[in-house]
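User: I would like a close look at the empty spaces in this protein. Please take one part and walk me through it.
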Amino acid sequence: MKYNKSFVALAVAALVRGSLAQTWCGKNYMSNQSVVPPGGQFILPAQSVDPLLSFRCAPVFRPYLQEDAKSAAFIVDTSIVYDWIAGAEPISLPSTSGSSSNSTSLGTVSVTINVGSIKTTVNVPLNATKFQIPVDISKLQARKAAYNVTCSATYTAPSSSKSQKFKTGASLLYLPDTNASVTKTDLRTGALWVRPADGKGGAFAPFIPQGFYINFDEYLAGNLTRIDQLKADGFNTIHPIPPYDNLTIFEEVINKTISAGMYIVYDMRSNYQNLTAVAQQVKTYASIPNLLNWETAHEPDGNSDPLDAAKSTYDLIYQLDGYHPISIVLNCQDYNFSPYVDGADIVLHDAYPIGINATFSPVWHTACTPDFGHCGCDNCKGTLYDVKARVQTFKDRLNILGFDRTKSVWTTPQAFGSGAYWNTTPTGQQWAALGFTSFNHGALGSKSFQYPTTTGNVTTIEGTATNLTVIITDIVQPFIVNPNATFTTYDYLGVDAGLWHNGTAYLLIVANLVNAQVYVPWKDVGLGAITNTTTQVERILSVSQNTNATGLNFLPNGIGIYIATPP
């Protein structure tokens, strides 16, 4: 499949057409418009001098099925924080602990979980995360409506007789068993769990989506072999962009993806605000064996859709289905984030920074500032760093809002360019770096925009994907979805690094986000214990990057994946 420049023209034209609202991200952008601050900015929490308890609980999986009832569990977080994030409350710690939140003398919290007629009480260490509490829910009735869960905590500091009480809530989705498709979310990690997409049955297993958006009418309906090519490239998910005007062909697409063992995302962007149409689509497609999730609002922040629209659709879909999570795509860096994410389990960004002029729009011939303009990537600098910042910012905001367990972030790597706002298309190496930095900052799925993309040798996106998708599935995924793995991020002179440890080995993912050569000592990415790189470091992949006895060498935009087993 050769790179089609006419496709680029169509793709970028569609993106420009999406910008023809009077404002974009709340900003005016045309030459005849004045500068009006957009508002809608996310408010960061105030800091606290004194310690606060961030007490949170959630079921381990959403949803649970009847077959899971005996093995169900909840996770509890009793984190000590110093920001007034959602639900944080003052807590009096032992005077000997000082300002340290890691003191072993903090004691325990008595946690009680109440759901329906079930009550469970367990002692949980203070300042714990992901503490798992088994809760047999078999006495509850499986139903479409979620159960309200009350989680209460009592803390008595060592050497004190005064008890402090805390309370939070959760939602338990406990559904009847079904032979149709089910996508669970592991709320310990945010990762999805799925059965095989071929509809032949099998056990649930953790899953990192790797896929592409593809325009249904323009590029899929007339050439179903594109599904074969994506499968051959190692992708496991396909996201047809509506409208799905030819329903006969759309059914063929579904059947072909089932045969290929690929998952499909059903997109409602065209009519997600029409609840009658939403209901009809859910009733029609909820039972297909390879349905991964629903996607509803696409760039509602850019278009200034009604703030409650995504939430209204979200609530309706859960009334009708509940077996599949719901995603939305946000385009803006900071415009009405909070109300829109109320309508999603999965929040995607679509920041496309490669090839933009970050300060002047070649489409609208106007300047771009935080208060005005549209340059193709909202409030971006035009570098790989923009995607790192966007993913991390979304993760941070979800935590501040109290959604760190219940909502996850996915990424949309840029796989197009050479038109409209973008004067170039990412190389295969740049495309990989966009994914690497996303995983390093908590993304749990990747759907590139859009297919067809550059193809040919290993420097192209498709040429890079053929090898990389297998590595992500076989090497990276087992670390990312492991609820017992520890995870740390590092930034050294512009090199972004993520380090996972599963108790036996380390996974290191690195991407140089700056246009400069950089040397990074092992100790500055958490691997200072390495004494022999020959026996303790295994190179899985590297481009414009290598290692020596004391660290890692990077050319501009160099990338690498390593497994390390230091003594």
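Which residues lie nearest the centre of the largest cavity, and how many residues line the cavity?

Analyst: Keep in mind that this is a predicted model. Rolling a probe the size of a water molecule over the atoms shows where empty space is left. Start with the cavity you asked about. The largest cavity is lined by 13 residues. Nearest its centre lie Q210, W431, F439, S446 and L468. Its volume is about 130 Å³.

Next, see which elements build the lining. Strand 15 (210-215), helix 10 and helix 11 each give at least two residues to the largest cavity. Helix 10 gives the most, with 5 residues. Now sort the lining by class. There are 8 nonpolar residues and 5 polar ones. Charged residues are absent from this lining. In total, the structure holds 5 cavities of 30 Å³ or more.

Now turn to the largest pocket. Its volume is about 1,200 Å³. It has 41 lining residues, and the closest to its centre are K130, R188, K395, R405 and F487. Six elements need to be found on the model for this step: strand 1 (47-59), strand 4 (73-83), helix 9 (385-400), helix 10 (428-440), helix 11 (461-480) and strand 23 (486-492) each give two or more residues to the pocket lining. Helix 10 and helix 11 are thus named for the pocket and also for the largest cavity.

The classes in the pocket lining are 14 nonpolar, 17 polar and 10 charged residues. Set that beside the largest cavity, with no charged residues in its lining.

Methods. Residues numbered from 1 in each chain as written. Predicted model: local features only at pLDDT ≥ 70, side-chain atom pairs only at ≥ 80, totals over all residues. Heavy atoms only, no water. 1 Å grid on protein atoms, 1.4 Å probe; cavity = no way out; pocket = protein on both sides within 12 Å on 5 of 7 lines; lining within 4 Å. Points joined across faces, edges and corners; volume = space filled by probe spheres on them. Helix = DSSP H or I, 4+ residues; strand = E, 2+ residues; numbered from the N terminus. Nonpolar A, V, L, I, M, F, W, Y, C, P; charged D, E, K, R; others polar.
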